[in-house]
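Biologist: Please take a close look at the largest cavity in this structure. I would like to know what lines it.

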Amino acid sequence: MTSPRHDATLDLLATCPQGLELLLAEELAALGAEPGKTTVGGVNLKADLAGAYRACLWSRLANRMVLCVARDEGIETPEQLRAAVAAIDWSRHLAAGATLAVDFHGRSEAIRHTRFGAQTVKDGVVDRLQAAGLPRPDIDLASPDLRLYAHLHRGRLIIGVDLSGDSLHRRGYRRDVGHAPLKENLAAALLVRAGWPALARKGSPLVDPLCGAGTLLIEAAMMAADVAPGLARERFGFHGWAGHDESTWHEVKREAEARASIGRKRCRSRFHGIDQSPAALAAAKANAMRAGIPSLITLTGGGLAELSRPEGLALEETGLVITNPPYGERLGELPELVGLYARLGERVRAAFPGWRLAVFTGNPDLGHRIGLRAHRQYALRNGPLEAKLLLMEVPEVDGDARREPAAPRRSEGAQMFANRLEKNRKRLKKWLKQSGESCYRLYDADMPEYALAVDVYGERVHVQEYAAPRTIDAGQAQKRLFEALAVIPEVLEVDPTRVVVKRRERQSGSAQYQKQGASGERFEVREGRARLWVNLRDYLDTGLFLDHRPVRRMLGEMAPGKRFLNLFCYTATATVQAALGPRVAGEDTGASDSVSVDLSNTYLEWARDNFALNGLDPSRHQVVRDDCLRWLQTAGAEFDLIFMDPPTFSNSKKMAGTLDVQRDHGRLVRLAMARLASGGTLVFSNNQRRFKLDADLAEHFAVEEVSAKSFDPDFTRNPDLHHVFLIRHRETGGDAS
C-alpha cells in the first residue's frame, strides 16, 4: 500500500452552507490553497497534504474537506455506481480492520434514496477489497474510522475521503448550546461580512446584546486572538485515513498552537456579551472556557432596556455591535419582537454612536423597526430559514453619548392608528364604567389600511389581522401590522408579552376551531355574573365570542325557571349565563336545568370547566357530544328556551355531511322548534354577513328579528356582524274552520 507523497497535489472539495462559497474560496486562498471552480455549497481546490490539514484546522467557514479520489461522468444506475467505486484502489485509503461509513448525497432516476446510494457505494468498496484478498470492513455509522463522501448529480459522481470527520463547524468548544444557536461557521461568516477581521486588527471592541450561548462572541474572539477554529477538536477524519502522516499533522498543529499562544497575549480587542437568561450566560461561560479564550470575554446579565456602553470603553472608542435576535417564526411572537427590535435600535443609538451595527434576522421587516437604514444586506440561510445580515452605521451624536434617546417618531399612519385607538377608548369609557365589562372590542378595521381587530381581555390584548386581499402589497401590509403592534402596547399601556396576534383568513369547515398552539395559557375573565375561562393563544377564537355578549345577557334574563338547550354550544358561555340568570339578591334565578350539545370534546371539556368555575351542578347542567342535527332528530325532551348559534359553514369529519347555515338553517330551525315547548322561545343566531331568513319560517312561526338590539357600543360599527331572531310557536285558538 502506498500513500500520497507529502508534496503531492491533492484534489479537494470543501463544502459549506449555501451562500458562503465565495467567502470560503477567499479564505482557502489565504490559507495557501489554490481554489478553483465553485459549486452550489462547495469550492474545488488544490493543496498538498500539509495544506489539506491546514484547511481542516483553520477554515472557519467550511463544513467538510473531502479528498476526491474519483470523478466520473455518466453514472445513472446502481450497477454503474458500484463499478465506479470498485475501480478505486481502496487499500490506499482504508487500513486493515478500520470501520467505515458512507455519506451519500444526490440521486438519479434509478437511485432515489440516499440510504440505497450509500449501500451501493459500500458494496463497491467491498468488491474491490475482496478482489484483492483483503478483509471486508465493518460498518460504524456513529463513529467510523473512515467516512466516505459520495455525491451524484446529473450523472456526475464524486467519490472521496472525508478528511474532516465530524462537520468542521463543530469546533469542540460548544456543548451547552442554549436556545436556537447559530452554527459556528455561520457565525464566522456573519463576522466576516460585518468587517470584523479588519476591526479586530485595530483592537476594536465587540458587543453582542443578545448573546445567548456566546457563539458570535467566541468566534470573534478566536479570530482576533489568531486561534485556529479546529484547535480544540480531538479528532479529524484524516486520523483514520490510511494516507495520514502524523509528523506532517503534528507540524501543522504545533504551528497553530504557537500562533494561538501569541495571539491570546497580543489580542487588544475585548468582547462583551449581555443576556437576560442565566442559563444562556452559564452556557456561554462554559463554551468560552473550552475555547480557551475566557479572559477575553465579559458576560453580563440584563435585557435590552438596560443596554449601555460597557465599563472601561472610552466615549471615542468605536467597534462592532452584532447580534442574532429572535425572528418571530410564529405570528404570535411578533408583538414582543416589534418592541424588542425597536429597543435595540434605541439603545444602540444612545450607547454606541459611531459604531457599526450588524443584525442577523430571518424577518427583515422586523429589522426596519430598529430605525437605522441598512447600507448593506447579505442574504444567507440559517438552517432551513432564509435570513439576512443587515449592516448599519450608528450615527455620531453631539454631547454625551450616554443620554437617553428621543422616542422614535411614529409614521403618519401609525400616529393616525394611535389616535383612533385613543378616540375609541374615550368613546367607550362611560359604557365600560357603567357595565363593568372587562372584555371588549376596541378597534375593528376602522381604518382600511390597518385591517385589524383589537380586543381587550382585562390586562391582555388579542389582535386579529385580517388577511390582505391579493391587490394589497404583502410587504406594505406587513409594515402596517408592525406599526400597529408597536403602537398598541404604548397606547393601551400593556406589556408587549401580553399582546397576542393572529391572522384571520376565510375559514373552511371547522378550521376556526382547530388548535393552533399548545401553550395551555388560559385565564379567568368576568362577564356580568359569569366567570369564564379564555385562551388567547391556542385557537383562532378565544373561547368567548365578544359580539354575542348582549345575546348571552338576554338569555340570562329569559332563563329563570326554564329548561334550557344550547345547540352548537362551543364553550357553553351562553349556558353559564342562562344557568346563573339575572342578579337578584338571595334568589336562585337561573335556568332550572340545561343541556349543551357540541361535537368537539375539547370545547365540551372547556364547557365543564366553565360550569365548575361558576359552581353549577353537573347533574342539572349536562353536556352532550353529538352532531346537533342528529341529536335533534332523536331527542325526546322539550325545552322552554333554546339557543342555536351554528357555524356559517362546517365540514367536520365527525359530521355525516356538511353544514351551510344559509342553505340548512330552515331544517335546523324546524327540528329545534319540534323540541320547543308551547310558550317557549328559540333564539336563533348566526354570523353569516349576508344571511337571509327562509321566508317559509315566518309563515309557520312567529318570528321577530332583534339583531339591531343585540350589539353593545363596542360592536355598533358592523351591524351585519351577526343576525339574531326570536322564534316562537304561533298561538292557536278557536275553530280552525
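Modeller: What follows covers the largest cavity and its lining. This is a predicted model, where local features need pLDDT of at least 70, side-chain atom pairs count only at pLDDT 80 or more, and totals for chains, interfaces and linings use all residues. Residues are numbered from 1 along each chain as its sequence is written, and side-chain values use heavy atoms, with hydrogens and water left out.

The structure holds one cavity of 30 Å³ or more. A cavity here is a set of points, on a 1 Å grid over the protein atoms alone, where a 1.4 Å probe fits but cannot get out. The largest cavity has about 70 Å³ of space. Volume is the space filled by probe spheres set on the points, which are joined across faces, edges and corners.

Now the lining. Lining residues have an atom within 4 Å of a point. Among them are Asn 424 and Arg 427. Arg 441, Leu 442, Tyr 443 and Asp 444 line the cavity too, as does Asp 446. Asp 714, Phe 715, Arg 717 and Asn 718 also belong to the lining.

Two elements, α12 (412-435) and β15 (439-444), each supply at least two lining residues. β15 gives the largest share, four residues. Helices (H or I, at least four residues) and strands (E, at least two) are DSSP runs, numbered from the N terminus.

By class, the lining has six charged, three nonpolar and two polar residues. Asp, Glu, Lys and Arg count as charged; Ala, Val, Leu, Ile, Met, Phe, Trp, Tyr, Cys and Pro as nonpolar; the others, Gly among them, as polar.

Key: On a 1 Å grid over the protein atoms alone, a cavity is a set of points where a 1.4 Å probe fits but cannot get out, and a pocket is an open set with protein on both sides within 12 Å along at least five of seven lines; lining residues have an atom within 4 Å of a point.
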